[in-house]
Amino acid sequence: MKLNGRAKEAFIISTTKDQVLLEIQGLRKDYGTTTVLNDINLTIHKGEVVVILGPSGCGKSTLLRCLNGLEAIQGGEIRFAGKNLTGKNVHWQEYRQKIGMVFQNYDLFPHMSVIENILLGPLQVQKRPKKEVLEQAQQLLERVGLLNRKDAYPRELSGGQKQRIAIVRALCMNPEIMLFDEVTAALDPEMVREVLDVILGLAKQGMTMVIVTHEMGFAQAVADRIVFIDAGNICEIAKPAEFFANPQTERAQQFLNIFQF
Amino acid sequence: MGINWEFVITALPLYEKAAWLTLKLALWGILSSLVIGLLCSIVLYYKTKGLAPLVRGYIELSRNTPLLIQLFFLYYGLTKLGIVLSEQTCAIVGLAFLGGSYMAEAFRGGVESVSKSQIESGLSIGLSNLQLIRYVILPQAFSVTLPSLGANCIFLLKETSIVGAIAIPDLMHVTQDLIGMYYQTFEALLMLVIAYLILLLPVSFFLTWLERKVRYAEFGN
Amino acid sequence: MLNSGISVLTEGSNLLRLMGGLLITARIALIAIILGSLLGIIVGLVRTSKSRVLRFICRFYLELFRIIPILVWLFFVYFGVPGIFDIHLEGELVAVIVFSLWGAAEMGDIVRGALESLPKHQIESGKALGLNFWQLYRFVLLPQATRRMLPGAINLSTRMVKTTSLVVMIGVIDVVKVGQQIIERSILKEPTSSFWIYGFIFILYFIICYPLSKLSKKLEAKWES
């Protein structure tokens, strides 16, 4: 795989299934003198869906933000498709096109319409032809059932609609991996389902995803692996069926008890 | 207490001329402050070494001292250093000096109003710093900055009432002269107040209208 | 050449006289701030009243002071009132009157803003406990509103202190006027005295206003809720 020097265009990864897409080794993140993430080791293969669970403040959102370069790490390594994402001079602008992220507060650009929000990245960053991008955008909007709102502004949409648009916006960049940071936490209960259904759809199509969530039922349905983090350390990694029925560690058990009445 | 209309009619051209002068000085002052304010806020945003603390010092200095003293210092004080400015230049420099810091604060407020999560959202789709500024920050900052800029314009327009102190034949000066010479105090004061109302009310209404329009295009998340 | 000029500050009783002038400035500002705040609280309460007429009158009063420059007001009262009512007013008295009225108008707006920003359920909880109108204000609303008012009030005070520099234009012997007198006397001996005197007064105002504005910002940041 050759790269065109310091190409500003998205670089092509031709990965095969089961190839290692993301490798995290010994990652450490500090806020001042407090260590919030300690010795995180995780390997994610193409097509895998990894769900990260844990109590509030355990560092799961921080981990996600480290993967996207929104937080700097103080130790360890992150390798994405073989490329080292740690150290100085990382061209995040290139990698972020391949790593899609959806946030808890959707953060659509309020001064742009839905379609403008979606087209901004592909047109201005990836410099793709408008016709092609428009077609893709419309297809994706159709899939999440919002093609008829393409000219609406974010303020006219409900939370669930905005979140689905946020997912479409990220997908339109053709990422290799999608990161979801508690994307249903800010939504009214009725809207949670419509968003989770979209993510489930993506999983069926083989999108590699790392999901941070509190929705236990969803986690069990969508995950290939559950990663349980507590106080900045990975406590347990297991398949969902095993994790929910038979957690290996005390802390995991305590955590799951919170959701049982 | 009747009004001496004859006097009013005779004095009208004087007031008109003075009003135009006030407007002219205010306009130059406003334009200069906008430029200064923009430059200052750019320096502060990029935290330019060496310049940023100077700019911050300038802002604190100009916001915590009265325009009158700034004018006196410029007009009477600087001449001693060999810098001689005409009255009008002095007035404009004074207004620009004071206004620049207010405009800088307005710009800063606008930029800071764009939340961190908006910026992260832009970064996550691969926007460069320049693209962030152009597509995400500036459009959103604008609607927040505009009301402040407008308020500053009105403020500067009102502050021009002070420039009469350095012998500029503005509205205040004309009024003082007329009171001193003809004792038609009430008429002179009435015209003074009306002159300022004519200058300021339209601007104020225009700005309120503009604000409302920008807020309509405004967008909550 | 400039270096020798600084002596105009240390010469004779110049510094003392300047301080005397500063005292006058401070006196006007202080009285106006106190009167303005007290009146302002009342105006603020009136502006939250149910009477549309009362609210309109107060709003109109505020806008008058916001549209018309303070210097124009000073002139209006100083030259105009003696003309109409045939009485003589001292510049200082005029200053106190105009500044207090201005302060009350602006303070009223700050108070109104603070009261209106209080969550409605505070009033409902108070009523549910059986408090009457005055008790409600005294124990529940005003203490909380005070927090929201303070940064704006301090900001207003700073603006008022700066504006007191204008009273020299209606003949008050404040720090600016004293400075001018000193310059007139010293200008022959020390040609650069205007630079030093006005520069000094500039610094004086800065010393007074800067801590106030810093305090206001600190309070605002601290109580950012």
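1. A residue is counted as exposed if 12 or fewer other C-beta atoms lie within 10 Å of its own C-beta, and as buried if 20 or more do. The model under discussion is predicted, and the points below should be read accordingly.

2. In chain B, B:Ala167 has 11 other C-beta atoms within 10 Å and is therefore exposed. Its place is the loop between helix H6 (129–159) and helix H7 (171–182) of chain B. Although B:Ala167 is not a glycine, its phi is positive, at about 65 degrees.

3. A comparable entry concerns chain A. A:Lys127, likewise not a glycine, has a positive phi of about 55 degrees. This lysine is found in the loop that runs between helix H3 (114–125) and helix H4 (130–143) of chain A. With 10 other C-beta atoms within 10 Å, A:Lys127 is exposed.

4. The secondary structure of chain B consists of 8 helices and 0 strands. Read along the sequence, the pattern is α-α-α-α-α-α-α-α.

5. What is the radius of gyration of chain B, and what would a compact globule of 221 residues have? Chain B has 21 Å, whereas the globule would have a value near 17 Å. The C-alpha trace of chain B spans about 70 × 45 × 20 Å along its principal axes.

6. Burial and contacts in chain B may be taken together. Of its 221 residues, 43% count as buried. Among contacts in chain B with a separation of 6 or more, 78% are accounted for by residues 24 or more positions apart in the sequence.

7. In chain C, helix H5 covers residues 70–85. Why does its end-to-end distance agree with expectation? The 16 residues, at 1.5 Å a residue, should span 22 Å, and the end C-alpha atoms are 21 Å apart, so the two values agree.

8. H5(C) nevertheless contains a kink of about 25 degrees, located at C:Phe79. The kink comes shortly before the proline C:Pro82. C:Phe79 is also one of the buried residues of this helix.

9. Which residues of H5(C) are buried? They are C:Ile70, C:Leu71, C:Val72, C:Trp73, C:Leu74, C:Phe75, C:Phe76, C:Tyr78, C:Phe79 and C:Gly80.

10. The residue C:Asp86 comes just after H5(C) and takes a positive phi of about 60 degrees. Positive phi values are thus reported here in chain C for C:Asp86, in chain A for A:Lys127 and in chain B for B:Ala167.

Methods
Residues are numbered from 1 along each chain as its sequence is written. Chains are lettered from A and ligands numbered from 1 in the order in which they are written. This is a predicted model: local features need pLDDT of at least 70, side-chain atom pairs count only at pLDDT 80 or more; totals for chains, interfaces and linings use all residues. Helices (H or I, at least four residues) and strands (E, at least two) are DSSP runs, numbered from the N terminus. The expected span of a helix is 1.5 Å times one less than its number of residues. The bend at a residue is the angle between axes fitted to the seven residues ending there and the seven starting there. The radius of gyration is taken over C-alpha atoms; the globule rule is 2.2 Å times the number of residues to the power 0.38. Two residues are in contact if their C-beta atoms, placed from the backbone, lie within 7 Å.
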